[in-house]
Structure formats: C-alpha cells, structure tokens
Amino acid sequence: MTYKETLLFVGKCLTINHEEHHKIIVENELKSNSIDWDAVVKVSTAHFVFPALYCNFKKADFLHYLPTDLVEYMIYITDLNRDRNEQIIEQAKEINELLLSNNITPIFLKGTGNLLEGLYEDIAERMVGDIDFIFSKEEYPKAIEVLQNFEYSKVHDTTYDFPQFKHYPRLQKANNIAAVEIHKELLLEEYADEFNYSYIKKDAQIIKGIHFLSFRNQLNLSIIAKQINDKGSHYKDISLRNAYDVFLLSKKTPAKSAFNDFINLKNPLNCFLASCAVIFNNPKSLEYIETKESKEYIDFFTKNLENNGSSKKFHKKIETKLFIKQRLAIIYKAVFDKDHRIWLVKRTTDKNWQNEKLVQLGLKKAKPTP
C-alpha cells in the first residue's frame, strides 16, 4: 500500500461506526487480506490516531480480521492512553475547581476539552498532549499567579522567555501527568481579531460545571490548530487527529456553516474541511463550500498525498520559507518592541544556545552524553 492508499484506508476506518456504507467497504477490504498492516501502524501512529483506530475496529466487531499480535499491541497502547487520559481528566478537574474558587473561569480547549465534555465514546480514542484553557485578558495574569502558587512552574526553566502572543510558557507540576498552557489568544496575531476570547465567549457552554467552546467553535478551533497555527494551509497537508475531531464535531453542528462569520479565516478553514471530506470519503456531514480556491487546494492536496520526492521537496521549501519569514518578523518586532528586543539580545548572547545551533548546523560536535 502506498502512503496515500494507507491514509485513505485509515480515514475510512475512523468513520465506520458513523457511516454504514464505509463499514461495508472497510469490511470487504479486510476480508481481502490485502492490507499492509505495517503501513497502517506507521501512518496511524504518526497521525496520533492509533488508539482511535483500535476503538473503531472494536466497536464494529472487526478485530477478528486483524493479526492477533497487532490486536494485542493495539490493546496495550490503547490501555496506556486511557490510563493517561483518566489522569489528565482528574488533573483538569482539579485545576478547574482551583481556578473557580479564585473567581477565575477557564474555558477548556482542544483535546482535554473534548475529553471533559465526552466527545468520544471511549476516552482512550484521543491522544492528548497539554491541558489548554483560555481566559479573558483580565483573568489571564491572575490564572498564572494562582497556578504558580499551586506549585506549577515552567517546563523550561529559562531566565528569559520569548514574548508570547498566544499563551504563557508551558507549566508543569510534580507528579502530574500533563503540562498546561494558559491562553490569552487562540491563534496567530494576523487572525486574532476574528477568532478570540470575546468571540468564543458569546456562545460558550457549561457541562457539569466546566466551561467549553460551543460545538461550532470547537470545530473551528480543531481546524485552526492545524491549518493556521501549525501552518497546514502552507504545507497543504493534514493531521488525522484534528480531522477526526472535525468529523465527530460535524455530527453535532453543521460544518459547512461553522465559519460563516469569518472573512480572512473562511477560505483556509473551508479548504481544510474539503481535505477532511477527501480523507473520510465524502460523508454528508463534511460538505464544504466548493470554490475556485477549494478546488485548487484539493488538487494540490491529493497530489501531495503521494508522499514522493516532489512532495517532500515542496515541504522542505515551505519549511525554509516560513523559517526565514519568522526570523525576519522577530528582527522587525525587535526594532519597535522592547520585550522582543530584550529577548533577541539575550538569546543571541546565550552561549548554550549558540553552541546548540552550531551543533545543529554541523559546525561543532555535540558533547558526549555522560
């Protein structure tokens, strides 16, 4: 199986308990014994949907079609992820109670928010990194102070931090499984006037004493996290973890109209929705607005799925272009903004940072590990 064939197969498998015709298609493919399971494991693991794949196979009663050793491995990984998520849920609830008791209201975001609200039939489906939440600009500094007083400290103990637009540097607490990100913004500066705390607060929902985005804005943020914040619109690639969230949320809110309020965000979000439709074999809930831009995007996206030499060169070219653009932006901001200027001076005079960069560029050998 090629990368493209594997990705499309995994995509269909993630929908089999919501789309009956996909269940029939996937079962026929499983019966054919033509599946390259090594490729499936590699792709689903890289896209952080390996436990979700297992959970869908289990619910559809398809596990008997899989190799026994693979099923055992899937059970092992899924159980580990379920245990981790149970700990994350307890940690998030503790943080929620702490902040509410200090008259601060967190709105939980992304994977942790999805777990807390019950988006998944099995909490083991979602692989989660940090606990993310957002506050009003007034509550933002208070939330940082409260968590620091509760023994949360920076993950990276630096004497200087890059002036963050979106969130405070990640915090962690001893014997707690997840780091936390305290947000004051949801996406990059150029789009923040369209999708921000004021916008999402208007229709935020409360479930069992915990605040979440509306389903519409959860869907929007699932796309934004990949398409805007992780530069997916430039690379024209996809994250199955984000796409799977979009698919599940499309069963709760009309995806096609979720971003009607936006101007600059509307096209990149619609293009990601179109790529989700391709990956999941065009379920009705993922209908998108067909435009000239979406057609061109999908044409390039599907070619990029071949994962051949040309697509890798394109990815490297975009990566280099964005790196240079980011560095120039930092220098430009340093001219006009004091915080950026202080950070840049400290960063460039940091001997450890300089040595690390020389090693990365191959101009210096790394010190042997003790």
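Buried here means under 20% relative accessible area. Keep that cut-off handy, and remember that you're looking at a predicted model.

**Stop 1: helix α2**

Select residues 20-31, which make up helix α2. With 12 residues at 1.5 Å apiece, the helix should span 16 Å, and its end C-alpha atoms sit 17 Å apart, which agrees. Now show the side chains of His22, Val26 and Leu30: these are buried. They cover an arc of only 70° around the axis, so they lie on the same side of α2. What covers them? Bring up α1 (3-13), α3 (37-46) and α4 (50-59), which are among the elements packed over the buried residues of α2. Before you leave, click on asparagine 33, which follows α2 and has a positive phi, near 55°.

**Stop 2: from α2 across to α1**

Stay around here and pick lysine 12 and glutamate 29, which form a salt bridge with the closest N and O atoms 3.6 Å apart. Lysine 12 belongs to helix α1 and glutamate 29 to helix α2, so to speak two distant parts of the chain, 17 residues apart, linked by this pair. Is each partner buried or partly exposed? Lysine 12 counts as buried because its relative accessibility is 13%, while glutamate 29, at 24%, is partly exposed.

**Stop 3: two loops tied together**

How many salt bridges does a search of the whole structure find? The total is 14. For another of them, select glutamate 185 and lysine 137, whose side chains meet at 2.8 Å, N to O. Glutamate 185 is in the loop between β5 (180-183) and α8 (197-201), and lysine 137 is in the loop between β2 (131-134) and α7 (140-149), so the pair ties together parts 48 residues apart in sequence. Switch on a surface and compare the two: glutamate 185 counts as buried at 7% relative accessibility, whereas lysine 137 is exposed at 56%.

**Stop 4: helix α7**

From the loop with lysine 137, move on to α7 itself. Show Tyr140, Ala143, Ile144, Val146 and Leu147, which are buried. Their arc around the axis is only 165°, and that puts them on the same side of α7. For the cover over these residues, colour α5 (68-101), β2, β4 (171-172) and β5, which are included in it. After α7 comes glutamate 151, another residue to click on: its phi is positive, near 75°.

**Stop 5: helix α9**

Next, select residues 215-229, helix α9, and zoom in on asparagine 220. Where does this side chain stand, buried or exposed? Asparagine 220 has a relative accessible area of 0%, so it is buried. Show its surroundings too: leaving aside residues up to four places away in sequence, asparagine 220 touches Phe195, Ala258, Phe259, Phe262 and Leu269.

Still in α9, go to lysine 226, which forms a salt bridge with aspartate 237, the closest N and O atoms being 3.2 Å apart. Aspartate 237 lies in the loop between α10 (232-235) and α11 (240-249), so the pair ties parts that are 11 residues apart in sequence. Aspartate 237 counts as partly exposed at 21%, and lysine 226 is buried at 11%.

**Last stop: a network**

Finish by selecting Asp79, Arg82 and Asp122 together: salt bridges that share partners join them into one network.

Conventions. Residues numbered from 1 in each chain as written. Predicted model: local features only at pLDDT ≥ 70, side-chain atom pairs only at ≥ 80, totals over all residues. Heavy atoms only, no water. Helix = DSSP H or I, 4+ residues; strand = E, 2+ residues; numbered from the N terminus. Expected span 1.5 Å × (residues − 1). Buried < 20%, exposed > 50% of the residue type's maximum accessible area, 1.4 Å probe, protein only. Arc of directions from axis to C-beta. Contact = heavy atoms within 4.5 Å. Salt bridge = Lys/Arg side-chain N within 4 Å of Asp/Glu carboxyl O.
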